[in-house]
Amino acid sequence: MTHPSTVLGKMAIHMVSWMKCSIDQLLFAPATFIVHCHSELRGIISLQNAMNTFNWLAIREGRFIGDGDENDEALFKVIDKGGGLVSFESVAKSLKCHQCYIAVKSNGTPGNTKASIFHDETLFQVHIAQLPKFYDGAKVILFSKEFRKALRLMPNGDVNCFGGHGMKAQFFVHGRRRSGVVALQNAMFPDKWLCMHDGKVTVGSGDHESEFRFHEKDGCVAFESVTCPGHYVGVLDNGQLKEPVKVSSPDNYDLFDVKNAFR
């Protein structure tokens, strides 16, 4: 087991209660958490839901919640209990959160946050997980499943699929408050965002037309416009983008293999 507070930067974890239930049950969805270590607060971390990046594990007014905000309610001190077990103590300023711990019952519901750190409800095993490709702040490259080249933005504002691993083909992921909705900001031209206007893929400014709902299929993802439902970002065999057409579900020309970019 890796101790969360010893990792610099970000890592992804799964949490399993000593009560032998996964914290996934509490959130009613497979939950991977991005650990944020705070350099200015030694041993203090925050736990962000990787699939819904606006949700943080938090203790609010003495209650454990899975949809907290990024504030002091989401700050925890990691306590090593030995034997591969840890507890998470709230360091929120509220007196109601004093000596409160993340706690989960055996049925997956929130436990007694005031239980002793030696109580089973407050003990967790932490397992390293693969960091999801989509999380707020991730930098990704989108390779067309059919054409095998990457989507890219050009200096003149054109969008095509002749990219490789360069900056024009890299996009920052910006999570939105609605689960499964992202906006994609170009790394080379930060004032340009992937956008769909009247069903046509173009360049936008990061407004509502730049929002896409992503769908997973066959290990790839498809991007459906929020403002033009049924319209997907698609690439033809020649690398050009598909003409606007509304469909009931994405086909292979609408699928992208997502790679994380680290430079």
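**Figure 1. Is Asp69 buried, partly exposed or exposed?** In this predicted model, Asp69 is partly exposed, at a relative accessible area of 37%. Its salt-bridge partner is Arg60, and 3.6 Å separates the closest N and O atoms of the two. Arg60 also counts as partly exposed, with 25% relative accessibility. If you would like to explore further, look for Glu73 as well: Arg60, Asp69 and Glu73 are linked in a network of salt bridges. Across the whole structure, there are six salt bridges.

**Figure 2. Glu73 sits in a loop between two strands**. The strands on either side of this loop are S5 (63-68) and S6 (76-82). Glu73 is buried, since its relative accessible area of 17% is under 20%. What does Glu73 contact, leaving aside its neighbours within four places in sequence? The answer is Leu57, Ala58, Ile59, Arg60 and Ala92. Arg60 is thus a familiar name here, as it belongs to the salt-bridge network with Asp69 and Glu73.

**Figure 3. Lys242 forms salt bridges with Asp251 and Asp254**. For the pair Lys242 and Asp251, the closest N and O atoms are 3.8 Å apart. For Asp254 and Lys242, the corresponding separation is 3.0 Å. Both Asp254 and Lys242 lie in the loop between strand S17 (220-225) and strand S18 (256-260), so their salt bridge ties together parts that are twelve residues apart in sequence. How accessible are the three residues? Lys242 is buried, with a relative accessible area of 18%. Asp254 counts as buried too, at 2% relative accessibility. Asp251, by contrast, is partly exposed at 32%.

**Figure 4. The second largest cavity has Lys242 and Asp254 in its lining**. Two cavities of 30 Å³ or more are counted in the model, and the second largest has a volume of about 80 Å³. Which residues line this second largest cavity? They are Met196, Gly199, His231, Tyr232, Gly234, Lys242, Glu243, Pro244, Val245, Val247 and Asp254. Sorted by class, this lining has five nonpolar, three polar and three charged residues. Readers coming from the previous view will recognise Lys242 and Asp254, which form a salt bridge with each other.

**Figure 5. Strands S14 and S15 form a hairpin**. S14 covers residues 193-197 and S15 covers residues 200-204, and the two pair in the antiparallel sense over five bridges. A handy spot for getting your bearings is Cys195, which stands opposite Thr202 in S15. How many residues lie between the two strands? There are two, and Asp198 in the turn has a positive phi of about 55°. Met196 and Gly199 are worth finding here as well, since they are among the residues lining the second largest cavity.

**Figure 6. Lys168 lies in the loop between strands S11 and S12**. S11 spans 159-163 and S12 spans 170-175. Lys168 is partly exposed, with a relative accessible area of 27%. Where is Leu153 relative to Lys168? Leu153 is 15 residues away along the chain, and the C-alpha atoms of the two are separated by 5.5 Å. Not counting residues up to four places away in sequence, Lys168 touches Leu151, Arg152, Leu153, Met154 and Pro155, together with Asn186, Met188 and Phe189.

How values were computed
Residues are numbered from 1 along each chain as its sequence is written. This is a predicted model: local features need pLDDT of at least 70, side-chain atom pairs count only at pLDDT 80 or more; totals for chains, interfaces and linings use all residues. Side-chain values use heavy atoms; hydrogens and water are left out. A salt bridge is a side-chain nitrogen of Lys or Arg within 4 Å of a carboxyl oxygen of Asp or Glu. Buried means under 20% relative accessible area, exposed over 50%, partly exposed in between (1.4 Å probe, protein chains only). Helices (H or I, at least four residues) and strands (E, at least two) are DSSP runs, numbered from the N terminus. Two strands pair if DSSP finds at least two bridges between them. On a 1 Å grid over the protein atoms alone, a cavity is a set of points where a 1.4 Å probe fits but cannot get out, and a pocket is an open set with protein on both sides within 12 Å along at least five of seven lines; lining residues have an atom within 4 Å of a point. Grid points are joined across faces, edges and corners, and a volume is the space filled by probe spheres set on the points. Ala, Val, Leu, Ile, Met, Phe, Trp, Tyr, Cys and Pro count as nonpolar, Asp, Glu, Lys and Arg as charged, and the others, Gly among them, as polar. Contact means heavy atoms within 4.5 Å.
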